[in-house]
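Student: I'm new to this one, and I'd like to learn how to read it. Could you show me the structure and take me through a few features?

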There are 4 protein chains.
Amino acid sequence: MKDVTISEVEPFIKTDPPVRLVLRRAKDRETVVDVKGIEIGGREIVVMAGPCAVESEEQLLSIARAVKASGARILRGGAFKPRTSPYSFQGLKEEGLKLLDLARTETGLAVVTEVMDARHLDVVCAHTDILQVGSRNMQNFTLLEEVGKCRKPVLLKRGMSATLDEYLQAAEYLMKGGNDQVILCERGIRTFETSTRNTLDLNAVPMLKRHTHLPVIVDPSHGTGHWWMVPRLASAAIAVGADGLLVEVHCHPESALSDGQQSLTPPDFDRMMKTIRAVAAAVGRQ
Amino acid sequence: MKDVTISEVEPFIKTDPPVRLVLRRAKDRETVVDVKGIEIGGREIVVMAGPCAVESEEQLLSIARAVKASGARILRGGAFKPRTSPYSFQGLKEEGLKLLDLARTETGLAVVTEVMDARHLDVVCAHTDILQVGSRNMQNFTLLEEVGKCRKPVLLKRGMSATLDEYLQAAEYLMKGGNDQVILCERGIRTFETSTRNTLDLNAVPMLKRHTHLPVIVDPSHGTGHWWMVPRLASAAIAVGADGLLVEVHCHPESALSDGQQSLTPPDFDRMMKTIRAVAAAVGRQ
Amino acid sequence: MKDVTISEVEPFIKTDPPVRLVLRRAKDRETVVDVKGIEIGGREIVVMAGPCAVESEEQLLSIARAVKASGARILRGGAFKPRTSPYSFQGLKEEGLKLLDLARTETGLAVVTEVMDARHLDVVCAHTDILQVGSRNMQNFTLLEEVGKCRKPVLLKRGMSATLDEYLQAAEYLMKGGNDQVILCERGIRTFETSTRNTLDLNAVPMLKRHTHLPVIVDPSHGTGHWWMVPRLASAAIAVGADGLLVEVHCHPESALSDGQQSLTPPDFDRMMKTIRAVAAAVGRQ
Amino acid sequence: MKDVTISEVEPFIKTDPPVRLVLRRAKDRETVVDVKGIEIGGREIVVMAGPCAVESEEQLLSIARAVKASGARILRGGAFKPRTSPYSFQGLKEEGLKLLDLARTETGLAVVTEVMDARHLDVVCAHTDILQVGSRNMQNFTLLEEVGKCRKPVLLKRGMSATLDEYLQAAEYLMKGGNDQVILCERGIRTFETSTRNTLDLNAVPMLKRHTHLPVIVDPSHGTGHWWMVPRLASAAIAVGADGLLVEVHCHPESALSDGQQSLTPPDFDRMMKTIRAVAAAVGRQ
């Protein structure tokens, strides 16, 4: 049980000799990350949507067109896929990156994709607008250091069992390297509950925003693991104050190579977008 | 990772010989709990608000009038208090119950208060409109059996580390006893994260509502432990589909005998009510 | 990360105005609980063994004779059973207590059995040598208060998600009532790991013993959920410094009415006893 | 709650098309990892000890000589250090590797040190006898793939919130690459308990050994976070069936650059070694 007054609001931040760059005390305004004119952390809610993994040209383009039509601004899609089992589909890799390029050209959407290895940084940077660092790599410190040297926006996902302080320390690695274009993303934490894939921790959104000037988005797809829960939790994320969403969409979830259970179809995604517009207006966002 | 199709939506329900009364398959419509004309589980969002503990006549009446003015329908207040330490304030007990009676008469609000012991059931029943069974007693099975024999609405809070299946089994104890006026309440679960008192599990709301016909409300006060987070998580709870809220309010949180850190002042509560009205409208509720 | 020096060894104990009776600073020697001449918390390791639930005279007596022959000093057996589902076997209740009496007379073993409800205290006290308060009731404070008034040794099991500080506070309820014959029991905590029923927290044994003078035993049956793991974890419990064990034994685990998966057969139990004797000697215990 | 019979012992292993190389069914005997004549996974318990981080020649050599004198066979010491904060000491890097070489030459101990980045593999391999992959990198799949191509024993630590199935899948990445010299290491998991740094999961040892032919060791230093608990948990680890230990030792813990709180002094380490020899004998090991 913690703070009642403003002066007590940092119970989980231990003092470090240097002022941590991610903290509010280090900066007097909100960070707004600019991705080719799309502002993340401003008044507008930004939705990133697309398949878990890039599977084929047809798959990617059909999804990209659909999510754009519904109002998404950024296309997500994994080319390099971290998978629990070495025998699962590992992504199309460079071929996938090229398809993301193609989808960007065709639709005008910006692109976010994951980089798993510092040795892939150049090639991934050449094809993406936002670099994603995944949950399993949140404390891959040498990767964070290299990504910190890039001048490209970064989407840093929270680790599965990372405390919020550890999460902000991981973002500090990026900012210490000189990269101040960092977007945080709550995506569910590991708990004892087994009926959902993870427990989406929406407490994290206001707690992070109280401590840091960085934008915070939410991934309700991984946060629940069930497509039918995604629109509900997406609405909640907007209501709690998130700056955006990261959502998995697939035209044929039942045959997706990964994460089909948690992927919305384009019609479901379109309905979700209508609802979150209304919720955003109710809390003073667009 | 679980279900894609409707037929697979019950991954965490193990089959039991009798049809469990809490499950949707046992009943063809939603349960709406009627508390002196206030319907919980209907189209209207119902807000229960008040102090953690009843402390005095003046304290209780001032809070009761304030929350009523802002739109709360039900007054919460603890007379018997379960406390981690035996040296903490344990509640005013029967004196507290009488003050709740007084507040009901003065304001017309209905009342919810906790029963900790089967031996207190008669006296608590005589003074309350809803019996609360607290998190620490969610698996106090003999208490559940006795409460199940009452013909009084019950607010059953989720245990701190109860799976949703265990939670529904606890509700089954109440229903098996013949009491079908059961309200569920998500109030945060215990995780590794220490910056918040608990991790509010909003995934639980749509998951519970998929499996049970019972109404589900949310307690953002215990779910966060920080008063300044409560309005945000209250909005999220409404957006995710909750049927109501349970919120701690105190006119002087800094001198509250318990849970001051997570109690809203009446002006903050009033602002919160305005916001959740807008959010409720955005998701088709009142 | 915590203490290096003795002066820092109580990081999780918050200061309370009264000296907490459970803490070492309140007493200058170890508490040794005397159960009809059997000393728990002394140099000898004490093993409590028996079925999860008392099922019949034949079942109970055959197990009691077997565990006595292998060296157990105390017979465990549930008459009142807390069960997750109301449709599961709830125990033989008073009939079960009478069978425990019979087994005591026949074998000379002392008896430990659970009390779930303050209203049963008199009858349970009349038939048992040690009162057990189960994990689900660790924070059933009114039960703790009543048990605290008895002059009968108490075995207080740790709650499934109780911190060690909360656990010691629960024991304080017993001691504050005047009952200083309290035995603590680590029985596994709830974590994300699903391959075992619980995660046995053997760290708890030295941490508890550093802070309290009360004896600490371990329940490897609930702590693992798998009979074939029990002997291994029992050895580990002795090696880590536990004062005793609580172990489930059944002559026919495959037809046990509860917890068969985690029950040892008498021959397996006998082998386990031989191993733990050797381990006890290795760490200077009997 | 799970298996009673052998045929049911793999409840957490989902079937994969290829036979997983880490599983017992893929190999008919135990894997014994040979490190310059030291056998890990055989009858003898192997102790790896040394400082958290290599700090200086004098620091490392004094510790190395001390742990050797007490019976350790392998020297641990971090040159590349993964640290939560970018402002904490990050290790001596290549200079640290050279000091490990020197300590090996001086003492004849084998050496284990962590590799954090595939780009450092050549230089780390040139100076170590065992490559350590740390907890934060347990699912750094591209690192696992590269380490899998080395012909050097690997110590793979369990991730902070990795299930045992995920852990075995991570080991599969190594084995699929052709490296069958893999040692597993339980080092504590993240739970709600805050009085210890982690919760050492000794259940993991028999559960892993039931499913895999790989050797399993235990790190009681990280598993507890308190030096005074380490000898107790080390004894428990041997009693539960571990094949070895990984222990932090420092001559001046109070001035250590990292993890001083959990480091034993050489005299404490020496006492610990005497105790575990007795425990090992009690469970039929050397």
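Tutor: Sure, and let's start with a term: a crossing of two helices is right-handed if the near helix is turned clockwise from the far one by less than a right angle, and left-handed if it is turned anticlockwise. In chain C, helix α1(C) passes α2(C) in a right-handed crossing. Keep in mind that this is a predicted model.

Student: What else do I need in order to describe two packed helices?

Tutor: The angle between their axes and the distance between the axes. Here, α1(C), residues 57–70, and α2(C), residues 94–107, have axes that come within 10 Å and cross at roughly 35°. On the α1(C) side the contact uses C:Glu57, C:Leu60, C:Leu61, C:Ala64, C:Arg65 and C:Lys68. Facing them from α2(C) are C:Leu99, C:Leu102, C:Ala103, C:Glu106 and C:Thr107. By class, this contact has six nonpolar, one polar and four charged residues.

Student: How far should I trust the predicted coordinates?

Tutor: Where pLDDT is low, don't read them in detail. Chain A averages a pLDDT of 93, and 94% of its residues score at least 70. Residues 1–11 of chain A, though, stay under 50, and the model has 21 contacts for them beyond four places in sequence. For the model, the scores are ipTM 0.93 and pTM 0.94.

Student: Is helix α8 of chain B buried or exposed?

Tutor: Mostly covered: 11 of the 11 residues in α8(B), residues 230–240, are buried. Among them are B:Val230, B:Arg232, B:Ser235 and B:Val240. Right after α8(B) comes B:Gly241, with a positive phi near 115°.

Student: Which helices of chain D help it touch chain C?

Tutor: First, the head count: the contact takes 46 residues from chain D and 46 from chain C. On the chain D side, α6 (204–211), α8 (230–240) and α9 (266–282) each supply at least two residues. The largest share, six residues, comes from α8(D). Sorted by class, the chain D side has 23 nonpolar, 16 polar and seven charged residues.

Student: And how are chains B and C related?

Tutor: Try laying one on the other. A turn of 180° with a shift of 0.0 Å along the axis puts chain B on chain C with an RMSD of 0.0 Å. That's why we can call the relation a two-fold axis. The same surface serves both copies, with 100% of the contact residues of chain B recurring in chain C.

Student: Which residue of chain B comes closest to the rotation axis?

Tutor: B:Ser161, whose C-alpha is at 3.1 Å from the axis.

Conventions
Residues numbered from 1 in each chain as written. Chains lettered and ligands numbered in written order. Predicted model: local features only at pLDDT ≥ 70, side-chain atom pairs only at ≥ 80, totals over all residues. Buried ≥ 20, exposed ≤ 12 C-beta atoms within 10 Å, placed from the backbone. Helix = DSSP H or I, 4+ residues; strand = E, 2+ residues; numbered from the N terminus. Axes fitted to C-alpha atoms, helices over the stretch in contact; angles between N-to-C directions. Contact = placed C-beta atoms within 7 Å. Nonpolar A, V, L, I, M, F, W, Y, C, P; charged D, E, K, R; others polar. pLDDT = per-residue confidence, 0-100. Least-squares fit on C-alpha atoms with pLDDT ≥ 70 in both.
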